[in-house]
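I opened this notebook to keep a record of what I looked up in one protein model, going from the whole chain to single residues. The entries follow the order in which I checked things.

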Amino acid sequence: MSQLVTLNIRGMTCASCVARLEKSLSKVAGVDAASVNLATEKAQIRINQEPQAITSLLIAAVEKAGFEASVFSRQTTNSKSTEDSSTSAKLSNVINLHGKGAVMLAIALSLPLVAPMLLMPFGMHWMLPAWVQFLLASPVQFILGSRFYVAGFKALRMGSGNMDLLVALGTTAAYGLSIYTWYLSDWGRSYEPHELYFESSAVVISLVMLGKWLEARAKKETTAAITALQSLWPDQAKLLRQRDLNQLDYEHLPIAQILPGDWVLVLPGERIPVDGLVIEGLSEIDESMLTGESKLLEKEKGSTVIGGSLNGSGRLIIQATGIGETSVLAKMIALVENAQADKAPIQRLVDQVSAWFVPAVVLIAVLNFLVHAFIFNDTQNALLYSVAILVIACPCALGLATPVAIMAGTGVAAKFGILIKDAEALELAHRINTVAFDKTGTLTLGKPSVKNFHNFSTSEDQQIHALALGLQMGSEHPLAKAMIQFGVKRHVNAEGYATILANVGKGIEGQCLTGAYQGKVIAFVSFHAIKEHASEQMQVVAVNELNLGHSVSCLVDVTDASNHLILAIYSFGDELKPGVSEAIQRLKSMNIKTVMISGDNQLVADLLAKTIGIDEVYAQVLPAEKAAIIESLKAINGRSYVAMVGDGVNDAPALAVADVGIAVSTGTDIAMHAASITLMRGDPALVPDAIQISTKTWQKIKQNLFWAFVYNLIGIPLAALGYLTPMIAGAAMAASSVSVVGNALLLRKWSRPKP
């Protein structure tokens, strides 16, 4: 059975690093596939054996490739609550300061070198002595720039190249040329000011370091969604020592020590530490950071609450149900992290291009040097032009173009309550031209109630209700819940039944053990399944109910297989979710066809579809048929891209078959597992939101890749012809990486279009 191991990777600089790492990891015995993400600095490795037996080999493979690795572990508690994580945070700050300090020092040493060139346009011709230039440039080249030599050598040892190798080759060439020219000038006694190029090597290294630092800062912005979610966990919980509502004696414990079943006290204004069930209290809860819904939700005894949400003005006592990895918040963080670490299909093509990009650039630089040196007899400029080629062609922007856009897209989606499970869904969703909706719980509230009752038997109404209620006890079907609620309101005592059989999509039946119908086989089925046994009066009643938009079911005595006796007709009605019609209209404005798939009668389904503007209806559909309908929709016009939106167990096959499955989180875990996108609240408007965010993300990916390729297509020829100095090339290379990340960050400004 395949398992997934995730590693944190340190030391990657460009797409070539990704290709080298994936190659190294794939060679480890027991590895089926490896995917490395430059933006998130993580590697996901699918293995066919136990992680304990292979993890050390994977880390060794990463180190052999020239990088550092550690096993990724998701924090499920607030990091500042433990001493270890506090130490880790301090260490992280030190590292960040060191990075910024190194950049500032490199710039400080380089500025005096480049200052004379900046003053020349103003008529000031002045140059530092050669020995001063040497003293300023050498620490930048060999101390601050040592990382480029180390990483470049490791790449070369692995038989490949990367950004570090290009920078090391280019700056060393410029630095070496300066030393050689200095030597030829009798160590400064006869040189011309423009003949030394220490400023080129130092400034290029400084600019690359600055670009990578700015890039790292910008990339942190793309993980803002995860950071915001992680910050929702409080440090501690108030654990009740005794389960006594009259004596609230509690102790403060780290939430990692709370166990399922524990009773926890939540005071007004505090964040709820764990998922749980309200045992006592009444309050309003803000779940906006989790669901994107700003409306406060009333919570009372029996209500469920989500860890990380904010308690309002009431005091609550909750019984913990979901902690750590099992909590809703932890699952949300896991979904977003996995999506951000995932690799979109288009990125695989980019990685293939990047694998040969660096060797090709080195070859171009060498050929350019030979042409200028031996054909044009200009060795000095030949070297500078080739240095500029090596510097400007660093494939940083190319490697970042796709993953940073995906990180930003999944982040903004999470902000609005849309959890995208994988990058492929994000890439596919913009192509969707058909959206199929389940009806109950997706377009409707999923809480039907009994609207009307018609008794056609000789028994009292209460007796018929007792028969119907007995069949539905224990069922999770929405109509069964409606029937149970109906019976509770009328104080009905349910009849007892022997083994009850449920025929999926058709109804339920069992042998009655008590009351006037003892020994009889009673069924509760849809009117459509039993209509041939209905009298004319019954059919009139049923059609009238159907015309009102109600679902119609019958209580039937099926003891005699040849003569089913309809005892009563129940009609059920469900309320449309707020904003359904507006969501359908938004999809239509996006040229997306809408379809409804329902197990309801055709009349009911058609009436609902007409009310909200659905284009096409499939009614009286059995659960097993939903996936086949999705397949048929995909085959329309050769190939259509279909999204399926559902919330129930019976929607899972259709969600899996669809190009993009969209599960409503108010439904079941099975539906959420089968879907590639999960809506954290039952708002239908989130469906067009998800598609629009996907479209915007795809646009950013295309823009980033376009500019990354164009940048090299234009920059390399300009450098080869001498129109770009190494310094300008370094600045342009740094700017390209930062601009790619900055362009992706514009996704964070996305908001739902106003009606």
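The entries below start with the overall figures and then turn to particular residues and ring pairs.

**Entry 1, confidence.** I noted at the outset that this is a predicted model, and I looked up its confidence before anything else. The mean pLDDT of the protein is 83, and 89% of its residues reach 70 or more. Over residues 75-98, however, the pLDDT is below 50, although this stretch still has 17 contacts in the model beyond near neighbours in sequence. Where pLDDT is low, the predicted coordinates should not be read in detail. I therefore do not interpret the contacts of residues 75-98 one by one.

**Entry 2, the whole chain.** I read off 25 helices and 26 strands for the protein. Of its 755 residues, 53% are buried, and the accessible surface comes to about 33600 Å², with 58% of that belonging to carbon and sulfur atoms. I also looked at sequence separation, and among the contacts with a separation of 6 or more, 70% are between residues 24 or more positions apart.

**Entry 3, valine 278.** I found valine 278 in strand 8, which covers residues 275-281. Its relative accessibility is 1%, so I count valine 278 as buried, the limit being 20%. Leaving out residues up to four places away in sequence, valine 278 touches Glu300, Lys301, Gly302, Ser303, Val305, Leu316, Ile317 and Ile318. For one of these partners I took the backbone distance as well: the C-alpha atoms of valine 278 and valine 305 are separated by 7.2 Å, with their positions 27 residues apart along the chain.

**Entry 4, serine 309.** I then asked where serine 309 lies. It is in the loop between strand 11 (304-305) and strand 12 (310-311). Is serine 309 buried or exposed? With a relative accessible area of 1%, serine 309 is buried. Its side chain reaches the backbone oxygen of isoleucine 306 at 2.5 Å. Apart from residues up to four places away in sequence, serine 309 touches Glu270, Arg271, Ile272, Ile285, Asp286, Glu287 and Leu290.

**Entry 5, aromatic pairs.** My count of aromatic pairs came to 14. In one of them, the rings of phenylalanine 142 and tyrosine 175 have their centres 5.0 Å apart and their planes at 90 degrees, so I class the pair as edge-to-face. This pair links distant parts of the chain, since phenylalanine 142 belongs to helix 4 (residues 130-144) and tyrosine 175 to helix 6 (residues 163-184), 33 residues apart. Phenylalanine 142 is partly exposed at a relative accessible area of 44%, whereas tyrosine 175 counts as buried at 9%.

I also looked at phenylalanine 524 and tyrosine 570, which form a tilted pair, 5.7 Å centre to centre with 50 degrees between the planes. Here too distant parts of the chain are linked: phenylalanine 524 is in strand 19 (residues 521-526) and tyrosine 570 in strand 21 (residues 565-573), 46 residues apart. Both residues, phenylalanine 524 and tyrosine 570, are buried.

Following the ring pairs further, I found a cluster that joins Phe134, Phe142, Tyr149, Tyr175, Trp182, Tyr183, Trp187 and Phe198.

**Entry 6, a charge over a ring.** As a last check, I found the charged end of arginine 639 over the ring of tyrosine 641, at 4.3 Å from the ring centre.

Notes
Residues are numbered from 1 along each chain as its sequence is written. This is a predicted model: local features need pLDDT of at least 70, side-chain atom pairs count only at pLDDT 80 or more; totals for chains, interfaces and linings use all residues. Side-chain values use heavy atoms; hydrogens and water are left out. Helices (H or I, at least four residues) and strands (E, at least two) are DSSP runs, numbered from the N terminus. Buried means under 20% relative accessible area, exposed over 50%, partly exposed in between (1.4 Å probe, protein chains only). A polar contact is a pair of N or O atoms within 3.5 Å; within protein, one must be able to donate a hydrogen and the other to accept it, and residues adjacent in sequence count only if both atoms are side-chain atoms. Contact means heavy atoms within 4.5 Å. Rings of Phe, Tyr and Trp (its six-membered ring) pair if their centres lie within 6.5 Å; planes under 30 degrees apart count as stacked, over 60 as edge-to-face and the rest as tilted. A charge sits over a ring if NZ of Lys or CZ of Arg is within 6 Å of the ring centre and within 35 degrees of the ring normal. pLDDT is the predictor's confidence in each residue, from 0 to 100. Accessible areas come from the Shrake-Rupley method with a 1.4 Å probe; for residues, only the protein chains shown count as cover.
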